[in-house]
Amino acid sequence: MLGKTANGLYWLARSLERAENTARLLDVGQRIALTRLGPSDDEWGSILQSAGTWQGYTDKHGEVRRDDAVDWMLRASDNPSSVLSSIQSARQNARMVRTALTEELWEAMNGGYMAIRDALSRKVSERDLPQILGLIRQRTALVRGATHGTMLRNDIYDFLRIGTFLERADNTARILDVKYYVLLPAAAAVGSDLDNMQWESILLSVSARGGYRLVHGNRIRPRDIVRFLILDRRMPRSLIFCCGKMHENLRYLVQDYGMQTPSFEMADRLAGSIVAQDVDTIFDEGLHEYIQGFLGSISQLGRQIEIDYRFYE
């Protein structure tokens with residue numbers, strides 16, 4: 001496969017997943033804002049930090065305000081991680097690799113792009129935000145369904161899957177880290193109803209509340225949530241699940257191309273390091289510190305994949 005084709009497939013999947021996960025981060029912010037007792041917009045600074053778009057936002061807007069933060073993350077053309085920028089990038093990459101895609105996948109991608117573009121053609125009100133975020137999740141899920149249901153399991157599929165799970169692992173980690181940017185009113189609030197509502201918001205944002213309750217019951221415990229979102233192999237957005245899938249698809253590429261790559265070795269080490277962890281060790285290290293280290297490893301892996309498969313040649 002040409003490097004440019006691999007690049008297009010990989011970034012199609014990453015951009016699509018980024019659009020969905022930016023919507024999920026916004027959902028976290030909206031839910032946490034509802035738990036606030038006062039008029040503070042602190043949680044939106046937390047969301048911008050976690051999304052990695054704080055600097056770009058403050059350069060343009062300065063003070064953090066809810067409406068500006070939501071618009072920046074949904075529609076801003078000068079924010080490359082906004083939902084609109086991401087879905088445009090996904091569609092552009094899909095056009096570039098059109099002949100590698102099934103007709104069903106292309107139609108789902110193109111239709112999703114047009115629906116989301118139209119929904120974001122004007123500023124989204126607070127009242128309409130939940131509906132718009134739901135539309136984004138629904139449309140990206142249709143593209144994902146067409147991928148699973150119609151694509152051959154070959155190197156084309158492998159690059160799509162690697163892009164999807166690398167971006168998903170990155171975003172699950174960022175969503176989990178939001179909880180550690182949000183300042184509770186007082187240390188006494190830890191373990192309170194407010195604290196528990198914020199933790200439950202994290203579960204809701206990654207569609208994990210139902211699965212969590214099946215495994216851990218109705219009681220909200222931070223350690224159980226962290227264990228579920230990092231270490232549970234059955235949870236399709238957990239870090240261990242995503243890293244396992246990246247490792248698997250990189251292994252298929254090694255087998256297909258007969259070439260051992262540094263990126264496969266990095267994915268092997270990353271997956272092994274998560275398997276070796278337990279939740280007590282993570283909390284002893286510090287959840288925020290653990291997540292920052294994980295995000296650094298994911299970023300390095302992404303750069304190495306681009307080098308190994310010559311994406312820009």
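Arg310 is placed in the segment after α15 (287-308). The model described here is predicted. Arg310 has a positive phi of about 50 degrees, although it is not a glycine. With a relative accessible area of 55%, Arg310 is exposed.

Ser207 is another residue with a positive phi of about 50 degrees that is not a glycine. Its place is in the loop between α9 and α10. Ser207 counts as exposed, at 54% relative accessibility.

The two helices beside that loop are joined through charged side chains. Glu200 and Arg213 form a salt bridge, with an N to O distance of 3.1 Å. This pair links distant parts of the chain, since Arg213 is in helix α10 (residues 209-216) and Glu200 is in helix α9 (residues 193-205). The two residues are 13 residues apart. Glu200 also meets Arg209 in a salt bridge, again described by an N to O distance of 3.1 Å. The burial of the three residues can be set out in turn. Glu200 is buried, with a relative accessible area of 19%. The cut-off for buried is under 20%, so Glu200 falls within it. Arg209 is partly exposed, with a relative accessible area of 31%. Arg213 counts as partly exposed, at 37% relative accessibility.

The whole structure contains 22 salt bridges. One of them pairs the side chains of Lys60 and Asp78, at 3.3 Å from N to O. Lys60 lies in helix α3 (residues 54-61), whereas Asp78 lies in the loop between α4 (66-74) and α5. The pair therefore ties together parts that are 18 residues apart in sequence. Asp78 counts as partly exposed, at 43% relative accessibility.

Helix α4 comes before the loop that holds Asp78. This helix is mostly covered, with eight of its nine residues buried. The buried residues of α4 are Arg66, Asp68, Ala69, Val70, Asp71, Trp72, Met73 and Leu74. Charged and nonpolar names both appear in that list, including Arg66 and Asp68 alongside Val70 and Leu74.

Helix α5 (residues 83-96) holds Gln88. Gln88 counts as partly exposed, at 35% relative accessibility. In sequence, Gln88 and Leu16 are 72 residues apart. In space, their C-alpha atoms are 9.0 Å apart.

Attention turns next to helix α1, where Asn21 lies. Asn21 is buried, with a relative accessible area of 0%. Its side chain reaches the backbone oxygen of Glu17 at 2.8 Å. What does Asn21 contact when its neighbours within four places in sequence are left aside? The residues are Arg168, Asn171, Ile175 and Arg237.

Several of these names return in a charged network. After the pair of Arg213 and Glu200, in a salt bridge at 3.1 Å from N to O, a further group can be described. Salt bridges that share partners join Glu17, Glu20, Arg24, Arg144, Arg168 and Arg237 into one network. Glu17, whose backbone oxygen is reached by the side chain of Asn21, is one of its members. Arg168 and Arg237, both in contact with Asn21, also belong to the network.

The start of the chain contributes to a surface feature. Met1 lies in the segment before α1 (3-34). Met1 is partly exposed, with a relative accessible area of 40%. Together with Tyr257 and Met259, Met1 forms a nonpolar patch on the surface. The accessible area of the three residues together is about 250 Å².

The cysteines complete the survey. A disulfide is a covalent bond between the sulfur atoms of two cysteines. How many disulfides does the structure have? The count comes to zero. Cys242 is in no disulfide, and the nearest cysteine sulfur, that of Cys243, is 6.9 Å away. Cys243 is likewise in no disulfide, and for Cys243 the nearest cysteine sulfur is that of Cys242, at 6.9 Å. A disulfide needs the two sulfur atoms within 2.5 Å, so this pair does not qualify. Are these two cysteines buried or exposed? Cys242 is buried, with a relative accessible area of 0%. Cys243 counts as buried too, at 2% relative accessibility.

Note on methods:
Residues numbered from 1 in each chain as written. Predicted model: local features only at pLDDT ≥ 70, side-chain atom pairs only at ≥ 80, totals over all residues. Heavy atoms only, no water. Helix = DSSP H or I, 4+ residues; strand = E, 2+ residues; numbered from the N terminus. Buried < 20%, exposed > 50% of the residue type's maximum accessible area, 1.4 Å probe, protein only. Patch = residues over 30% accessible without salt bridge, like charges linked within 9 Å, V, L, I, M, F, W, Y side chains within 5 Å. Areas by Shrake-Rupley, 256 points an atom, 1.4 Å probe, with all protein chains shown as cover. Salt bridge = Lys/Arg side-chain N within 4 Å of Asp/Glu carboxyl O. Polar contact = N/O pair within 3.5 Å; in protein donor to acceptor, adjacent residues only side chain to side chain. Contact = heavy atoms within 4.5 Å.
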